[in-house]
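Trainee: Could you take me through one part of this model closely, the helix packing, and then show me how it fits with the rest of the chain? A connected walk-through would suit me best.

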Amino acid sequence: MNIQDEFIATVSHEMRTPLTSIRGFSQTLLSSWDKLDEESKKKFVKIIEEQSNRLINLVENILTVSKLNSDKPILRAVNANSSIEKVLPLLIQKYPKHNFIKNYDKNLPPARIDDEKFQQIITNLLDNGGKYSEEGKNIYITTASTDNSVIVKVRDEGVGIKKNDLEKIFEKFTRLENHLTSKTQGNGLGLYITKTLVEAMNGKIEVKSEEGKGTEFELIFPIYNTEEALKCSLQS
Ligand code: ADP
């Protein structure tokens, strides 16, 4: 099977599961409406809602994947702290029982990145931090710099990842077995999208993790160098 056929086969399989469940529960509701008590009806409608959300997320992620090659990043001087500030409130709202702890380098130089894509990357990493750690745990977001790089770290105190699984997490449709993967929604595309976006912006992503203790993702992006940018714009 070529890569495209394989992708279509996997996507169809990923879609069939929620669709089968939506059809099954709506058929039961329709055929047995009068026999079902209120509680069961509510439970079934809730499942239909959850599975619809799962499908919507899947479709959104597949659209993002399909645009990854053609949608080139627009590299500008971006202050990573301000970009993080734009998405953080949404994550705090989504995970109100987690503690988000910021540790910004106040003198952070601008990074040469695409603001919107960087926001998507940070959202994916913080969202995973929330999904794969228990309520009440801390999620740290730190920025720093070296002479030529801007560094952003997202660390959680969650379930962690086994050493052997570390390289698999960036592959399409990979979801690891742990007690939180079964409780949370996901389709295993988030980190594939994240890594592809980071690399398209000449960045690097690294992961360190300890099972049961937590996970840290480190992003490294080039600093926006005014002279270099000027040279590029004069050449083009
Ligand atoms: P998903 O939609 O399943 O969250 P991702 O591509 O974002 O997909 O992540 C792939 C898998 O990597 C997840 O299913 C999970 O098993 C593991 N993973 C990702 N982030 C973390 C994290 N912060 N802590 C523990 N496991 C993680």
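**Helix packing, close up**

Mentor: Happy to! The crossing of H1 and H2 is left-handed. Keep in mind throughout that this is a predicted model. Helix H1 covers residues 3–32 and helix H2 covers residues 38–67, and their axes come within 9 Å and cross at roughly 160°. The cut-off for roughly antiparallel is an angle over 145 degrees, so H1 and H2 are roughly antiparallel to each other.

Now let me place that pair in the chain. The protein chain is divided into domain 1 (3–67) and domain 2 (76–228). The C-alpha centres of domain 1 and domain 2 lie 28 Å apart. Where they touch, 13 residues of domain 1 are in contact with 8 residues of domain 2. In total the protein chain has 6 helices and 7 strands, and reading along the sequence gives the pattern α-α-β-α-β-β-α-β-β-α-β-β-α.

Next comes the packing of H3 and H4. Helix H3 (residues 80–94) packs against helix H4 (residues 115–131) at an angle of about 40°, with the axes 9 Å apart. H3 and H4 are therefore oblique to each other, and their crossing is right-handed. On the H3 side, the residues that meet H4 are Ala-80, Ser-83, Ile-84, Lys-86, Val-87, Leu-88, Leu-91 and Lys-94. Their partners in H4 are Asp-115, Phe-118, Gln-119, Ile-122, Thr-123, Leu-126 and Asp-127.

Two of those H4 residues deserve a closer look. Gln-119, placed in helix H4, touches Ser-83, Lys-86 and Val-87, leaving aside residues up to four places away in sequence. Buried means under 20% relative accessible area, so Gln-119, at 18% relative accessibility, counts as buried. Phe-118 has a longer list to read through: with residues up to four places away in sequence again left out, Phe-118 touches Ala-80, Ser-83, Ile-84, Ile-113, Val-152, Met-201, Leu-219 and Phe-221.

Phe-118 also leads us into the nonpolar interior. The largest nonpolar core has 45 residues, and those with the most contacts inside it are Phe-118, Ile-122, Leu-126, Val-152, Leu-219 and Phe-221. At least three residues of this core come from each of domain 1 and domain 2. There is also a second, separate core of 6 residues, including Leu-29, Leu-36, Ile-48 and Leu-55.

H4 has another helix partner, H5. H4 and H5 pack at an angle of about 145°, with their axes 10 Å apart, and the crossing of this pair is left-handed. The H4 residues that take part are Lys-117, Gln-120, Ile-121, Asn-124, Leu-125 and Asn-128. Facing them in H5 are Gly-190, Leu-191, Ile-193, Thr-194, Leu-197 and Val-198.

If you like checking backbone torsions, look at the loops on either side of H5. In the loop between strand E5 (149–156) and helix H5 (190–200) you will find Phe-173. Phi of Phe-173 is near 65°, a positive value in a residue other than glycine. Phe-173 counts as buried, at 16% relative accessibility. In the loop between H5 and E6 sits Asn-202, where phi is near 60°, again a positive value in a residue other than glycine.

Strand E6 (residues 204–210) then holds Lys-208, a handy contrast with Gln-119. Lys-208 is exposed, with a relative accessible area of 57%, whereas Gln-119 counts as buried. Leaving out residues up to four places away in sequence, Lys-208 touches Gly-214, Thr-215 and Glu-216. To relate this strand to the helices where we began, take His-13 as a marker: Lys-208 and His-13 are 195 residues apart in sequence and 31 Å apart in space, C-alpha to C-alpha.

Finally, step back to the whole chain. The C-alpha atoms fill a box of roughly 75 × 45 × 35 Å, taken along the principal axes. Of the 236 residues of the protein chain, 42% count as buried. Among contacts between residues at least 6 apart in sequence, 71% join residues at least 24 apart. The contact between Phe-118 and Phe-221 is a good one to bring up on your screen, and both residues are among those with the most contacts inside the largest nonpolar core.

Technical notes:
Residues are numbered from 1 along each chain as its sequence is written. This is a predicted model: local features need pLDDT of at least 70, side-chain atom pairs count only at pLDDT 80 or more; totals for chains, interfaces and linings use all residues. Side-chain values use heavy atoms; hydrogens and water are left out. A nonpolar core is a set of buried Ala, Val, Leu, Ile, Met, Phe, Trp, Tyr and Cys residues joined through side-chain atoms within 4.5 Å. Buried means under 20% relative accessible area, exposed over 50%, partly exposed in between (1.4 Å probe, protein chains only). Domain bounds come from an automatic or database domain assignment. Contact means heavy atoms within 4.5 Å. Axes are lines fitted to C-alpha atoms, for helices over the stretch in contact, and angles run from 0 to 180 degrees between N-to-C directions. Helices (H or I, at least four residues) and strands (E, at least two) are DSSP runs, numbered from the N terminus. Angles under 35 degrees count as roughly parallel, over 145 as roughly antiparallel, 65 to 115 as roughly perpendicular and the rest as oblique. A crossing is left-handed if the near helix is turned anticlockwise from the far one by less than a right angle, and right-handed if clockwise.
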